[in-house]
Amino acid sequence: MSKLLVYVGESLNDHKSKHFILFNVAIALVTIASITSIILETVQSLNIYANIFRFIELFSVAFFSVEYILRVVTVNRKLSYVFGFWGIADLLSILPTYLGFGNWGFIKSVRILRILRLL
């Protein structure tokens, strides 16, 4: 495994790593922005900002997708993560957006599962 993957793996998975807190703060900030955007897009008077909300949605899904993939690649027990609580929560927080591309719009309501990430 390259040094970069080792660094990323430690930063994402090792609570003792000095970069672990920075990665988790970044994850929390993106989560808060995403949840706020999801809530605000339901307010009809804010429809003029729909493109901004869509950008935040796509950015956060891209961010969380990369994070999910990096966790799967760098964690020692891959199946334990993928089928564990946090792996399933991570997948469920990004999957509705991908399914939304295929005209599965009713699934979008599941995006609120991102709150689990914050908690």
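This briefing walks through the overall make-up of the chain, two helix pairs and one phenylalanine.

What you have here is a predicted model, in which local features need pLDDT of at least 70 and side-chain atom pairs count only at pLDDT 80 or more, while totals for chains, interfaces and linings use all residues. Residues are numbered from 1 along each chain as its sequence is written, and side-chain values use heavy atoms, with hydrogens and water left out. The chain has six helices and zero strands, these being DSSP runs numbered from the N terminus (helices: H or I, at least four residues; strands: E, at least two).

**The chain as a whole**
- Going along the sequence, you get α-α-α-α-α-α.
- Of the 119 residues, 31% are buried, meaning under 20% relative accessible area with a 1.4 Å probe and protein chains only.
- Take the contacts (heavy atoms within 4.5 Å) with a separation of 6 or more: 56% of them link residues 24 or more positions apart.
- About 7800 Å² is exposed, with carbon and sulfur atoms supplying 72% of it; the areas come from the Shrake-Rupley method with a 1.4 Å probe.

**H1 against H2**
- Helix H1 (residues 3-13) packs on H2 at about 70°, and the axes are 7 Å apart; axes are lines fitted to C-alpha atoms over the stretch in contact, with angles from 0 to 180 degrees between N-to-C directions.
- So H1 sits roughly perpendicular to H2, a label for angles of 65 to 115 degrees.
- The H1–H2 crossing is right-handed, which is to say the near helix is turned clockwise from the far one by less than a right angle.
- On the H1 side you'll find Tyr-7, Ser-11, Leu-12 and Asn-13, meeting Phe-20, Phe-23 and Ile-27 of H2.
- By class, that's five nonpolar, two polar and no charged residues (nonpolar: Ala, Val, Leu, Ile, Met, Phe, Trp, Tyr, Cys and Pro; charged: Asp, Glu, Lys and Arg; polar: the others, Gly among them).

**H2 against H3**
- The axes of H2 (residues 20-40) and H3 (residues 50-74) come within 9 Å and cross at roughly 145°.
- H2 passes H3 in a left-handed crossing, with the turn anticlockwise.
- Residues making this contact include Ile-27, Val-30 and Ile-38 of H2 and Phe-59, Phe-63 and Arg-71 of H3.
- The full contact has 11 nonpolar, five polar and three charged residues.

**Phe-53 in focus**
- Phe-53 lies in H3 and is buried, at 9% relative accessible area.
- Phe-53 touches Ser-37, Leu-40, Glu-41 and Leu-46, leaving aside residues up to four places away in sequence.
- From Phe-53 to Ser-34 is 19 residues in sequence and 8.5 Å in space, C-alpha to C-alpha.

Note on methods:
Angles under 35 degrees count as roughly parallel, over 145 as roughly antiparallel, 65 to 115 as roughly perpendicular and the rest as oblique. Buried means under 20% relative accessible area, exposed over 50%, partly exposed in between (1.4 Å probe, protein chains only).
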